[in-house]
Amino acid sequence: MIKVGFMGGTFDPIHYGHLLAAETAREACGLDEVWFIPSFRPPLKENEPGADGSQRLEMVYRAIDFQPHFRAMDVELERGGTSFSIDSIKSLQALYPDREFSIIIGSDRVNDLPKWHLIEELAGLVRFIGVERPDEPIDLSLLPAFIRDRIDLIKMPLIEISSTEIRRRVRTGQSIRFLVPEKVYSFIKRNQLYES
Ligand SMILES: Nc1ncnc2c1ncn2[C@@H]1O[C@H](COP(=O)(O)OP(=O)(O)OP(=O)(O)O)[C@@H](O)[C@H]1O
Ligand SMILES: O=C(O)c1ccc[n+]([C@@H]2O[C@H](COP(=O)([O-])O)[C@@H](O)[C@H]2O)c1
């Protein structure tokens with residue numbers, strides 16, 4: 001089986017925290033590939049994304065350009081509606097029976113796994129790879145055993161970057177250089193994303 005990390009996200013915009021999480025998970029868990037999958041509508045976020053789906057996908061393409069193990073997939077943008085991971089995993093498992101999927105998530109998402117749609121069924125279909133984020137310690141003892149048993153926690157340097165902070169910095173005229181890859185930076189500037 002080809003091992004694939006499912007790196008889902010809003011990617012509004014994609015930043016170095018996402019890329020380092022994906023690369024660290026790939027190496028630590030022996031993944032053959034990581035697939036970046038932008039959500040159409042993220043299930044647990046209240047606000048609509050600031051950039052539209054095609055812009056968020058384009059930024060992902062630019063960020064992973066020339067990375068041989070990384071791919072971008074538009075399954076959730078094409079499907080529309082709320083982007084429940086179980087729907088994506090089921091369709092990817094049907095389309096790619098030669099691949100074994102694991103879901104890569106940061107600690108904020110690890111902690112809210114009990115709230116995910118059909119989580120018991122999802123936890124039966126995939127394992128989760130959890131990476132730590134600053135200010136979001138993972139306390140596995142707070143999770144039900146059926147989730148805890150399906151998570152592998154990996155270490156990576158804590159990266160204090162979030163898309164929220166990047167959008168805030170653009171809005172207030174501060175620099176986002178070196179928080180995102182150069183080709184994402186130029187796309188944001190050229191399209192005047194997040195300015196208001
Ligand atoms: N700095 C980071 N370190 C590790 N994981 C991260 C980091 N930023 C995001 N992630 C993880 O990447 C996935 C997608 O994140 P998302 O696209 O929502 O980015 P975000 O920076 O959390 O966005 P926002 O600030 O808009 O909520 C989630 O599993 C999230 O936990
Ligand atoms: O399926 C769910 O109920 C669910 C709830 C919260 C988050 N997710 C997925 O987790 C990934 C990261 O989400 P987010 O909101 O941090 O961008 C993304 O692929 C989401 O679709 C999925």
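Let's start at Ile104, which touches Gly5, Phe6, Met7, Ala21, Ala22, Ala25, Ile129 and Val131, leaving out residues up to four places away in sequence. Keep in mind as you look around that this is a predicted model. Ile104 also turns up in the largest nonpolar core, a set of 43 residues, where Phe36, Val60 and Ile104 are the ones with the most contacts inside the core. If you ask which helix gives the most to this core, it's α2, residues 53-64, with five residues.

Now step back by one residue, to Ile103. You'll find Ile103 in strand β4, which covers residues 99-106. Is Ile103 buried or exposed? It has 26 C-beta neighbours inside 10 Å, and 20 or more is enough to count, so Ile103 is buried. Setting aside residues up to four places away in sequence, Ile103 touches Phe6, Ser85, Val126 and Phe128. Phe6 is one of the residues that Ile104 touches, too. Ile103 can also be paired with Ala123: the two sit 20 residues apart in sequence, and their C-alpha atoms are 9.9 Å apart in space.

Next, head for the loop between β1 (2-9) and α1 (16-29), where Pro13 has its place. The peptide bond leading from Asp12 to Pro13 is cis here, with omega near 5 degrees. Phe11 is found in this loop between β1 and α1 as well, and its backbone has something to show: a positive phi of about 50 degrees, although Phe11 is not a glycine. Phe11 has 26 other C-beta atoms within 10 Å, so it counts as buried.

Moving along the chain, have a look at Asn111, in helix α5, residues 107-111. Asn111 has 18 C-beta neighbours inside 10 Å, which makes it partly exposed, because being buried takes 20 or more. What does Asn111 touch, once residues up to four places away in sequence are left out? The answer is Glu136 and Ile138. As for Pro137, its C-alpha atom is 8.7 Å from that of Asn111, and the two residues are 26 apart along the chain.

Leu143 makes a good next stop. This one sits in the loop between β5 (127-131) and α7 (145-148). With 17 C-beta neighbours inside 10 Å, Leu143 counts as partly exposed. Ignore its neighbours within four places in sequence, and Leu143 is in contact with Leu113, Pro114 and Arg148. Leu143 and Asp112 are 31 residues apart along the chain, while their C-alpha atoms are separated by 9.0 Å.

On to helix α8, residues 163-171. Which of its residues are buried? They are Ser163, Ile166, Arg167 and Val170. Looking down the axis of α8, you'd see these buried residues fall within an arc of 95 degrees, so they line one face of the helix. Part of what covers them is α9, residues 182-190. Just after α8 comes Gly173, with a positive phi of about 75 degrees.

Between α8 and α9 there's a loop, and that's where Phe178 lies. Phe178 has a phi near 75 degrees, a positive value in a residue other than glycine. Buried or exposed, then? Phe178 is exposed, since just 10 other C-beta atoms lie within 10 Å and the limit for exposed is 12 or fewer.

That loop brings you to α9, which packs with α2 at an angle of about 150 degrees, the two axes being 7 Å apart. Angles over 145 degrees count as roughly antiparallel, and therefore α2 and α9 are roughly antiparallel to each other. Where they meet, α2 brings Glu58, Met59, Arg62 and Ala63, and α9 brings Lys183, Val184 and Phe187. So α9 has a place in two parts of this tour, because what covers the buried residues of α8 includes α9, and residues of α9 meet residues of α2.

Finally, a word from the record. UniProt lists residues 6-169 as "domain: Cytidyltransferase-like", in an unreviewed entry. Over those residues, the chain is 40% helix and 18% strand, and the C-alpha atoms at the two ends are 28 Å apart.

Methods. Residues are numbered from 1 along each chain as its sequence is written. Chains are lettered from A and ligands numbered from 1 in the order in which they are written. This is a predicted model: local features need pLDDT of at least 70, side-chain atom pairs count only at pLDDT 80 or more; totals for chains, interfaces and linings use all residues. Helices (H or I, at least four residues) and strands (E, at least two) are DSSP runs, numbered from the N terminus. The arc is that of the directions from the helix axis to the C-beta atoms. Two residues are in contact if their C-beta atoms, placed from the backbone, lie within 7 Å. A nonpolar core is a set of buried Ala, Val, Leu, Ile, Met, Phe, Trp, Tyr and Cys residues joined through C-beta atoms within 7 Å. UniProt positions are given in the numbering used here, feature names are shortened, and annotations may be inferred rather than shown by experiment. Axes are lines fitted to C-alpha atoms, for helices over the stretch in contact, and angles run from 0 to 180 degrees between N-to-C directions. Angles under 35 degrees count as roughly parallel, over 145 as roughly antiparallel, 65 to 115 as roughly perpendicular and the rest as oblique.
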